[in-house]
Amino acid sequence: MGVPFLLAPMAELSHRGLRELIEKFGACDEYFTEMISAGALISGGPFESWYTDTGPCPDRVVYQVAGPDIELVAAAVSLLDQHACAGIDINMGCSAPGIVRTGAGVRWMASIDRAGDLIRQVRKRTRRRLSVKLRTGLEDDFEYLAAFCKRLESEGLDRITLHPRTAKEKFKRYARWEYVGRLRSAVRIPVAGNGDIADAGELARRASGDCDAVMAGRLALRSPWVFAEARHIEKAAGMAGFQDGPVLPASIDLEELGFEFLDLLARYQPKEFHTSRAHRFFAYFCDNFTWATYLKNLLGRETGLSAMAGVLAVYFRDHPEERLKKIMVHER
Ligand SMILES: Cc1cc2nc3c(=O)[nH]c(=O)nc-3n(C[C@H](O)[C@H](O)[C@H](O)COP(=O)(O)O)c2cc1C
């Protein structure tokens, strides 16, 4: 079997509802939460209990925290440490202007000393597995990246996830996956790779490559079954150590999955989040369909989960051929 699969932290997307949906198929080894604002957590924001919900598998959920200064992040880590979880991750990769301006996200990568001090302080607050998720840096400079990561390692960091693009690149150009292997050779702690995995075949291929874990984000929104599918591809390729494997039907009922996601939002997210979280998810999930843009537009105009369920019902009534997605791995 290849290395572990991780669900990426994605704001407004990596919440309990998505985890429940993916767990139905299995094979995702760990789930990162969306970034939790250190400031909001400490000041006891009204939605914090939703952000800190690690269901349905607390021992496989990694909290991600984002914040602009050392004391704030360290205090947030102390709070998160009180919850059952698999580990705590610090966001050093977000390049959204609103986050970077405050000194959070990828801005931590501007100074090795400041980031090193952060890890030293945070290390004192938790004995849980401590990781960072980062980009290549503010510039495309591998030597700087390696020096940065070595320093964090020397301060007690346990793991790294690299999304190998610079801050400015956002989602432009293909992720430089060769940096994952190079970074792995430069540090002693495990390095997970992340970025641009397009399908289950690529996920399985990356998992047998030069990295300690593979993280996928947008692909898992389009195909919540993709981790299970990748494990089946590994099995078909005769990789050792794979016995029963996760559940993978011969075809996926996309209509049922869409409705199920709406139900999960209703159960596991506050009402105030329903519309925004549904819009976010369907912006990716709808890419399964021939009429993706049309359907996204229709859903985007609706507020409330039942209105969106109505749009889905009409779409599948008019396009029944879009309902079932065949999983090819069964035919090999
Ligand atoms: C909508 C969206 C929200 C994201 N939010 C976060 C976040 O909260 N924390 C983080 O570290 N990265 C965040 N990312 C980056 C992803 O974790 C990941 O690094 C990126 O999407 C590349 O992986 P992918 O090609 O598998 O999607 C976000 C990405 C997207 C598309």
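**Domain contact, ligand shell and helix packing**

In this predicted model, 15 residues of domain 1 are in contact with 17 residues of domain 2. On the side of domain 1 that touches domain 2, the elements that give two or more residues are α1 (16-23) and α10. Of these, α1 gives the most, with four residues. By class, the residues on this side of domain 1 comprise seven nonpolar, two polar and six charged. The domain assignment places domain 1 at residues 5-236 and domain 2 at residues 251-326. The centres of the two domains, taken over C-alpha atoms, are separated by 27 Å.

The ligand is surrounded by 21 residues, of which Ala8, Met10, Met35, Gly217 and Arg218 come nearest. Two or more residues of this shell are given by each of the elements β2 (30-37) and α10 (218-222). The shell around the ligand consists of ten nonpolar, seven polar and four charged residues. Helix α10 thus appears both in the shell around the ligand and on the side of domain 1 that touches domain 2.

Two helix pairs were examined. In general, a pair of packed helices is described by the distance between the axes and the angle between them. For helix α4 (residues 70-80) and helix α6 (residues 112-123), the axes come within 9 Å and cross at roughly 30°. An angle under 35 degrees counts as roughly parallel, and α4 and α6 are therefore roughly parallel to each other. The crossing of α4 with α6 is right-handed. In this contact, Ile70, Val73, Ala74 and Val77 of α4 meet Asp117, Leu118, Gln121 and Val122 of α6. Six of the residues in the contact of α4 with α6 are nonpolar, one is polar and one is charged.

The second pair is formed by helix α12 (residues 254-268) and helix α13 (residues 274-285), whose axes come within 10 Å and cross at roughly 155°. Because angles over 145 degrees count as roughly antiparallel, α12 is roughly antiparallel to α13. The crossing of α12 and α13 is right-handed. On α12, the contact is made by Gly258, Phe261, Leu262, Leu265 and Ala266, and on α13 by His274, Arg277, Ala278, Phe281 and Phe285. Seven nonpolar residues, two polar residues and one charged residue make up the contact of α12 with α13.

Methods
Residues are numbered from 1 along each chain as its sequence is written. This is a predicted model: local features need pLDDT of at least 70, side-chain atom pairs count only at pLDDT 80 or more; totals for chains, interfaces and linings use all residues. A residue is near a molecule or strand if its C-beta atom, placed from the backbone, lies within 6 Å of it. Ala, Val, Leu, Ile, Met, Phe, Trp, Tyr, Cys and Pro count as nonpolar, Asp, Glu, Lys and Arg as charged, and the others, Gly among them, as polar. Axes are lines fitted to C-alpha atoms, for helices over the stretch in contact, and angles run from 0 to 180 degrees between N-to-C directions. Angles under 35 degrees count as roughly parallel, over 145 as roughly antiparallel, 65 to 115 as roughly perpendicular and the rest as oblique. A crossing is left-handed if the near helix is turned anticlockwise from the far one by less than a right angle, and right-handed if clockwise. Two residues are in contact if their C-beta atoms, placed from the backbone, lie within 7 Å. Domain bounds come from an automatic or database domain assignment.
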